[in-house]
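Reader: I am a first-year student, and I would like a close look at one part of this model. Please take me through the pocket lining and whatever connects to it.

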Amino acid sequence: MSAQMTPPVPSASTPGGPGAPGESDRPAVPSRTRRIVASPLFAVFTALVGVIVAFSVINGGEFANADNFRNIGLDVAITLVLAVGITYVIITAGFDLSVGSVLVFSGVVAMKAMGAVGGSGWPTALVGLVAALAAGAAWGAVNGSLVAFARLNPIIVTLGSMGAGLGLSLVVANGQDLVDVPASMISLGNERVLGVPPVALIALLFAAAAGVVLAKTVFGRRTYAIGSSKEAAERAGIPVRRHLVSIYVLSGTAAGLAGWLALARFSTTSISGHSLDALNAATAALLGGASLYGGVGTILGTVIGAFIPVVLANGLVIGNVQSYWQQVVTGVVLVLAVYLDSERRKRSE
């Protein structure tokens, strides 16, 4: 006789058994709304809206009017261009404190080049643009080479560059601001295209192009990979050192563009007027979700984050708060951004 087969008794380890996790026991997949609300972008955007509403209530029509919002757009343009370059650097787990000084140096070089050519039309202005971009790129190449090949700490390298850039600017300009900006450039800061200053449009186009490159190209994927793990990126065949130099060249070039736009915005080199630019740009990138630990960051987040320090400074000025407090607020917001970055990393781990 054959042995009678007894059906197995479901157990906790048997799929489908009483102890097995069924569909009802699994955690529900977060809805799209919950994911959006939990994202850093939503938090920083909500904070920006809150700051705008607060200053609109406190300062009334002086703050909440079209002319002031255009001024904010002009101020954000300079910060945004710098912040885009710093975002790339921070994603690679680096840092660039020199962008404010490189902005000033590039503006001085552009003014000298335009003065040598002469004239006030667009050909002269374009000569200045090329000179500013070249000066910024050259400075970025020096920073990148010291970081990538000499393996020096990027904070130390760019801190030294910050002082050297400002000093060379004063040497080249003989210690005084240069004011002979071509009329064609000044129009970029005064005219309107669909109600928007051309300087702001140029900054937005630059940010959009940088965002596409970061999100959709091999260059962007390599940038994230290096920030996540340089050793793993090297094992994957990525030329890490050359790529790092390219990143700092990009940051320097962005500072050169910002220097040229600043000439159009202020009609002078304003050598002493950019001491907080690097801090504002870094704050924008960190508020927008970039991580000092590397491998994380988006240009969209940087765009939103760039508005916060600028709106804060604008609202304080209209509220007749002493300019010294602007520096205090900028420092506090930067520390807050670093704290939020640390908390995000802890949650992700």
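Author:
**The largest pocket and its surroundings**

The largest pocket holds about 640 Å³ of space. The model is a predicted one. A general point helps with reading such a volume: rolling a probe the size of a water molecule over the atoms shows where empty space is left.

In this pocket, 23 residues form the lining, and those nearest its centre are D75, D277, N280, A313 and Q326. Five helices each supply at least two lining residues: α3 (66–91), α11 (240–266), α12 (277–287), α13 (299–318) and α14 (323–348). Of these, α13 gives the largest share, with six residues. Sorted by class, the lining has 12 polar, eight nonpolar and three charged residues.

D75, one of the residues nearest the centre of the largest pocket, also takes part in a salt bridge. Its partner is R265, and the closest N and O atoms are 2.9 Å apart. This pair links distant parts of the chain, since D75 is in helix α3 and R265 in helix α11, 190 residues apart. D75 has a relative accessibility of 25%, so D75 counts as partly exposed. R265 is also classed as partly exposed because its relative accessibility is 21%; the cut-off for buried is under 20%.

The whole structure has two salt bridges. The other joins the side chains of D67 and R70, at 2.4 Å from N to O. Here both partners lie in helix α3, three residues apart, which is about one turn of the helix. D67 is partly exposed because its relative accessibility is 48%, and R70 is partly exposed because its relative accessible area is 22%.

The second largest pocket has about 330 Å³ of space. It is lined by 17 residues, and P40, A43, V44, L340 and R344 are the closest to its centre. Helices α2 (40–59), α12 and α14 each give two or more residues to this lining. The most come from α14, with seven residues. By class, the lining of the second largest pocket has 12 nonpolar, two polar and three charged residues. Two helices, α12 and α14, therefore appear in the lists for both pockets.

On the surface, F45, V49, V53, V57 and I58 make a nonpolar patch of about 490 Å². V53 belongs to helix α2, one of the helices that line the second largest pocket. V53 counts as partly exposed because its relative accessibility is 47%.

How values were computed:
Residues are numbered from 1 along each chain as its sequence is written. This is a predicted model: local features need pLDDT of at least 70, side-chain atom pairs count only at pLDDT 80 or more; totals for chains, interfaces and linings use all residues. Side-chain values use heavy atoms; hydrogens and water are left out. On a 1 Å grid over the protein atoms alone, a cavity is a set of points where a 1.4 Å probe fits but cannot get out, and a pocket is an open set with protein on both sides within 12 Å along at least five of seven lines; lining residues have an atom within 4 Å of a point. Grid points are joined across faces, edges and corners, and a volume is the space filled by probe spheres set on the points. Helices (H or I, at least four residues) and strands (E, at least two) are DSSP runs, numbered from the N terminus. Ala, Val, Leu, Ile, Met, Phe, Trp, Tyr, Cys and Pro count as nonpolar, Asp, Glu, Lys and Arg as charged, and the others, Gly among them, as polar. Patches are made of residues with over 30% relative accessible area and no salt bridge: like charges are joined within 9 Å, nonpolar side chains (Val, Leu, Ile, Met, Phe, Trp, Tyr) within 5 Å. Accessible areas come from the Shrake-Rupley method with a 1.4 Å probe; for residues, only the protein chains shown count as cover. A salt bridge is a side-chain nitrogen of Lys or Arg within 4 Å of a carboxyl oxygen of Asp or Glu. Buried means under 20% relative accessible area, exposed over 50%, partly exposed in between (1.4 Å probe, protein chains only).
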